[in-house]
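Work through the exercises below with the sequence and the structure at hand. Try each task before reading its solution.

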Amino acid sequence: MLVAKNKAGELINLLEGLPQKTTFFCPACGEAVRFRHGSVMRPHFAHISLQNCRFYNENESAEHLSLKAELYAGLSRTERVAVEQVLPQLGQIADLLVNEKLALEVQCSRLSENHLRERTQAYQNNGFQVLWLLGKKLWLTRRLSNLQKQLLYFSQNMGFHLWELDLDRHCLRLKYLIYEDIFGKVYYQTKTCPFAANIMDFLRLPYRRQTLLSYQVKQHQQVGLAVQKQLMAGNLHWLRQQELAYSQGRNLIVQSDADFFPQVRPPEVKGGFCQIQADLESFYAAFFHYYQHQENKTVQTLYPPAFYDKMRSNHIISRKEKNTDRPAES
Ligand SMILES: [Zn+2]
């Protein structure tokens with residue numbers, strides 16, 4: 001904790017200066033907290049007992065404390081920022097609250113998907129926007145975990161994306177145009193913003209007008225063989241896919257590589273992505289529609305959703321034009 005109350009009920013913010021040693025209390029639950037000023041962790045407060053606090057459930061890591069401090073320092077240059085803002089109506093504390101509307105959650109440890117969903121909905125239902133910024137343990141590596149899927153955001157210009165905080169490099173990282181191949185390997189692009197730069201501008205980037213980027217992924221070869229290995233290893237996902245294929249009179253093992261095109265696809269999840277309110281169905285449809293018309297099936301170019309959308313609308317318009325140009329054949 002970086003904020004506590006003193007005996008007089010005043011808020012003491014350690015990022016604005018260090019206090020005299022005295023008695024301090026948790027601003028949320030009112031229990032006593034200790035002021036710690038050692039050599040390992042930056043100065044902070046910690047509950048003497050967490051038993052009666054429903055706002056804090058563990059004492060924090062050094063990473064969490066430092067990231068909050070660095071974001072606070074960076075953001076306060078351009079925005080109105082509160083650190084550890086108690087929101088009694090939600091029963092939670094925003095790590096940072098920017099301009100009274102945007103909650104930034106610095107998430108350094110794993111949490112359950114249910115807990116994430118509840119906390120996210122509490123923000124959304126009370127008119128706050130929330131961005132989860134991920135500490136090292138939650139960074140995106142080769143695969144998207146189910147928890148990471150629930151931390152994905154979506155925009156027309158940058159597709160599926162998520163935010164990472166890098167304490168060692170003092171920067172915020174945006175991983176965007178996130179797609180995964182049929183074996184679950186992820187592909188994405190990266191942009192970074194030093195904490196010393198304009199963080200708020202960077203956080204708005206996915207929704208800003210911009211030149212649309214793309215990148216290419218070479219398609220796997222001998223996919224049937226790879227699928228066969230997965231089936232022999234008892235991979236549940238591929239067993240279900242094969243069952244589905246059989247019911248349609250196909251056998252995945254003997255299909256050609258071209259039949260698996262496009263191998264890289266947008267992430268999907270049962271029950272929806274809790275950070276995303278956009279209609280993804282039309283995006284999925286436009287995405288697959290685009291690749292149906294691609295000749296070269298050995299390499300795949302990945303674009304932002306806005307591109308697929310545009311290609312699909314163009315296609316519909318040109319079909320309409322053809323229909324009106326020519327008299328209907330009878
Ligand atoms: Zn407390």
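A residue is called buried if its relative accessible area is under 20%, exposed if over 50%, and partly exposed in between (1.4 Å probe, protein chains only). The model is predicted, so local features need pLDDT of at least 70 and side-chain atom pairs count only at pLDDT 80 or more, while totals for chains, interfaces and linings use all residues. Residues are numbered from 1 along each chain as its sequence is written, and side-chain values use heavy atoms, with hydrogens and water left out.

**Exercise 1. A tryptophan in a strand**

Task: Decide whether Trp132 is buried or exposed, and find which residues Trp132 touches.

Solution:
- Step 1. Locate the residue: Trp132 belongs to strand S9, residues 129–134. Helices (H or I, at least four residues) and strands (E, at least two) are DSSP runs, numbered from the N terminus.
- Step 2. Apply the cut-off: the relative accessible area of Trp132 is 0%, so Trp132 is buried.
- Step 3. List the contacts, where contact means heavy atoms within 4.5 Å. Leaving out residues up to four places away in sequence, Trp132 touches Glu105, Gln107, Leu111, Leu116, Arg119, Thr120, Leu151, Tyr153, Trp163 and Gln275.
- Step 4. Compare with a separation along the chain: Trp132 and Asp259 are 127 residues apart in sequence, and their C-alpha atoms are separated by 38 Å.

**Exercise 2. The zinc site**

Task: Identify which residues coordinate the zinc ion and explain why the arrangement is called tetrahedral.

Solution:
- Step 1. Find the donors, which are N, O and S atoms within 2.8 Å of the metal (3.2 Å for Na, K and Ca); water is not among the atoms, so sites may look incomplete. The zinc ion is coordinated by SG of Cys26, SG of Cys29, NE2 of His47 and SG of Cys53, at 2.1 to 2.3 Å.
- Step 2. Read the spacing in sequence: the donor residues of the zinc ion follow C-x2-C-x17-H-x5-C.
- Step 3. Test the angles. Four donors count as tetrahedral if all angles lie between 85 and 135 degrees; four count as square planar and six as octahedral if opposite donors are over 155 degrees apart and all others between 65 and 115; anything else is irregular. The four donor atoms around the zinc ion subtend angles of 101 to 132°, and therefore the arrangement is tetrahedral.
- Step 4. Check the accessibility of two donor residues: His47 is buried at 4%, and Cys53 is buried at 9%.

**Exercise 3. Two helices**

Task: Describe how helices H5 and H6 cross.

Solution:
- Step 1. Recall the two quantities: packed helices are described by the angle between their axes and the distance between the axes.
- Step 2. Take the values, with axes as lines fitted to C-alpha atoms, for helices over the stretch in contact, and angles from 0 to 180 degrees between N-to-C directions. The axes of H5 (residues 223–232) and H6 (residues 236–247) come within 8 Å and cross at roughly 115°.
- Step 3. Classify the angle: under 35 degrees is roughly parallel, over 145 roughly antiparallel, 65 to 115 roughly perpendicular, and the rest oblique. H5 and H6 are therefore roughly perpendicular to each other.
- Step 4. Name the residues in contact: Val227, Gln230 and Leu231 of H5 meet Trp238, Leu239 and Gln242 of H6.

**Exercise 4. Backbone geometry**

Task: State what is unusual in phi at Glu84 and Glu100, and in the peptide bond from Phe261 to Pro262.

Solution:
- Step 1. Start from the general case: most residues other than glycine have a negative phi, and most peptide bonds are trans.
- Step 2. Glu84, in strand S6 (residues 81–87), has a positive phi near 50°. Glu84 is buried, at 5% relative accessibility.
- Step 3. Glu100, in the loop between S7 and strand S8 (102–107), has a positive phi of about 60°. Glu100 counts as exposed, at 56% relative accessibility.
- Step 4. The peptide bond from Phe261 to Pro262 is cis, with omega near -5°. Pro262 lies in the loop between H6 and strand S15 (264–265).

**Exercise 5. The whole chain**

Task: Give how many helices and strands the chain has, and what share of its residues counts as buried.

Solution:
- Step 1. The chain has eight helices and 16 strands.
- Step 2. Of its 330 residues, 46% count as buried.
- Step 3. The C-alpha trace spans about 90 × 50 × 35 Å along its principal axes.
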